[in-house]
Amino acid sequence: MISDIAKNLVKLKKEFVKVYDGNSQIQEFIPKSTSELFPIVESHLDLLHEFATTNPIYYNSFEKKIGSVDCIVYEGDINKYWLNSIQHGSSKAPFSPTWIMSGYIGAMFAKELGYSEVIDIGSGDGRIAYCAKVLGMESYSLEIDDLLVELQHLLISTLNFHPHCTDAVAFDYSSLNLSRPIFFIGGLAQMGGTFLATGVLEKINSISNLKQNSGWVFAGTLSQKYVTDPKNEAGWGTLIEKNNLKSIQNISLPAAWTFHESDDVQYIFAKSN
Amino acid sequence: MTSSEDISQMFDSESKKLQNFIDTANSKTDMNIHEIVATYYQVMNVSSMATMLKQQADSEPSSLLSQIRETEKMISEKFDSIIHPKFLAKISSAIQEMTKNLQFENSGEKSKEQIESNAKLFEELRQTMSTKEFVEQYENGISHD
């Protein structure tokens, strides 16, 4: 069922691209209410809308019927955060969010796979950690960019997804007392993601029991614009093999940067072999 | 098959185009990013031709080899030593100026129209930064020659 929702989102995104005539830097939609294509708990949808309406990166919203689905379109701008990241050099990959709906669907998969804690690494505005919290999971958001963490603090009044301003590679994960965590690694393999993932994997593997109990979600791309990994997995194959992980699920979901792309982000779910 | 004369004519024509680019770069103070990039492409185009033709030196007429040396001298003395550092300084300064302006523009509340208008300036900054990376790659190439 979750994979159907994911496919429906990708399909509807294609419709949205055809009908969107605005000029915003980033844009996405959230269905207004539960439907056959998006059988999502109404209260969860309300919380997703709340995340968008309280998030200052979005400056405009309007109702629009996309395909057969009544949606709210959110228009936003993340240039300010990009400018901050290039000036301070704090972040290895500039902030480019996944869609809120994609974060929610990703968290749904994580929950279905039996994980109880989501750790959003390189979390941007913390949307994946927020979505995990919407689904009743515990979540933690790790972000190195202080301006983005400042933004996250504006978004935790309804659901606290525990923002941490920290370098995820140096963070002490034992302080979180994790039991069945899943780590979402922000950043494509080809955009510094493997460096980040390698550092976090080393930290987690050094904590007893966590290596076997942890899940991993890597964001990849099949786009020809990027160098392909000889072991595939949307750029993550070599890292997966080297760390003795196995890929258990692969879903395609839209992100801000894939709006004009034919291929969306490939989320590779993996666990210890 | 292309004759030696054809090759000479082609090299001569591309060298003349490069000479024009260099003259423009020397005389024009407000070259835009597209003109700057086009100049680099022509330098690289002619340099590649020169490298390839020198590898076949035995079969090329001496007049062509002499022309290649002249053109390489022009690239080294006029472009690499004078124009390229000037371009790099100009691009770096433009990035600084744009960044400063955008920081200033970013303070305070803005309308939808202002945000979307500023987004175009951010796009321009990103393009200029990409151009700087491209120009720096050229510099790396020179330093490894």
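**Group meeting: a predicted two-chain model**

Let me begin with a single residue, B:Gln42, which has its place in helix 2 of chain B, the helix covering residues 33–55. Please keep in mind throughout that what we are looking at is a predicted model. Is B:Gln42 buried, exposed or partly exposed? The count of C-beta neighbours inside 10 Å comes to 19 for this residue, and because a residue is called buried at 20 or more, B:Gln42 counts as partly exposed. If we set aside residues up to four places away in sequence, B:Gln42 touches B:Lys17, B:Leu18 and B:Phe21. B:Ser66, on the other hand, is 24 residues away along the chain, and its C-alpha atom is separated from that of B:Gln42 by 20 Å.

Before going further, a word on confidence. Chain B has an average pLDDT of 88, with 94% of its residues scoring at least 70, and for the complex the predictor gives an ipTM of 0.76 together with a pTM of 0.85. As a general caution, where pLDDT is low, the predicted coordinates should not be read in detail.

Now to the contact between the chains. Nine residues of chain A and 10 residues of chain B take part in it. On the side of chain A that touches chain B, strand 2 (58–66) and helix 3 (79–88) of chain A each supply at least two residues, and the largest share, three residues, comes from helix 3 of chain A. Sorted by class, that side of chain A consists of two nonpolar, five polar and two charged residues.

Strand 2 of chain A also takes us to a sheet. This is an open sheet of three strands in chain A, with the order 1-3-2 and antiparallel pairing. Strand 1 (26–31) and strand 2 of chain A stand at its edges, and since each has a single partner strand, one side of each is left without a neighbour in the sheet. From one strand to the next, the twist averages 25 degrees. Strand 2 of chain A pairs with strand 3 of chain A, residues 69–76, in the antiparallel sense over eight bridges, and one of the paired positions to look at is A:Asn60, whose bridge partner in strand 3 of chain A is A:Glu75. Lying across strand 1, strand 2 and strand 3 of chain A is helix 1 of chain A, residues 2–19, which runs at about 105 degrees to strand 2 of chain A.

Elsewhere in chain A, strand 4 (residues 117–121) and strand 5 run parallel and are joined by five bridges, with A:Ile121 standing opposite A:Leu142 in strand 5 of chain A. Why is strand 5 of chain A described as largely enclosed by the rest of the structure? The reason is that six of its six residues, 138–143, are buried. Both of its faces are covered, with A:Glu138, A:Tyr140 and A:Leu142 buried on one side and A:Ser139, A:Ser141 and A:Glu143 buried on the other.

A:Ile121 also appears among the residues touched by A:Ile185, a list that includes A:Leu196, A:Val200 and A:Trp216. A:Ile185, with A:Val118, A:Val217 and A:Phe218, touches the most other members of the largest nonpolar core, which has 77 residues. Helix 4 of chain A, residues 100–112, gives the most to this core, namely eight residues. Apart from it lies another core, of 16 residues, among them B:Phe21, B:Val43, B:Leu53 and B:Ile75. That brings us back to where we started, for B:Phe21 is one of the residues that B:Gln42 touches.

Definitions and conventions: Residues numbered from 1 in each chain as written. Chains lettered and ligands numbered in written order. Predicted model: local features only at pLDDT ≥ 70, side-chain atom pairs only at ≥ 80, totals over all residues. Contact = placed C-beta atoms within 7 Å. Helix = DSSP H or I, 4+ residues; strand = E, 2+ residues; numbered from the N terminus. Nonpolar A, V, L, I, M, F, W, Y, C, P; charged D, E, K, R; others polar. pLDDT = per-residue confidence, 0-100. Pairing = 2+ DSSP bridges. Axes fitted to C-alpha atoms, helices over the stretch in contact; angles between N-to-C directions. Core = buried A, V, L, I, M, F, W, Y, C linked by C-beta atoms within 7 Å. Buried ≥ 20, exposed ≤ 12 C-beta atoms within 10 Å, placed from the backbone.
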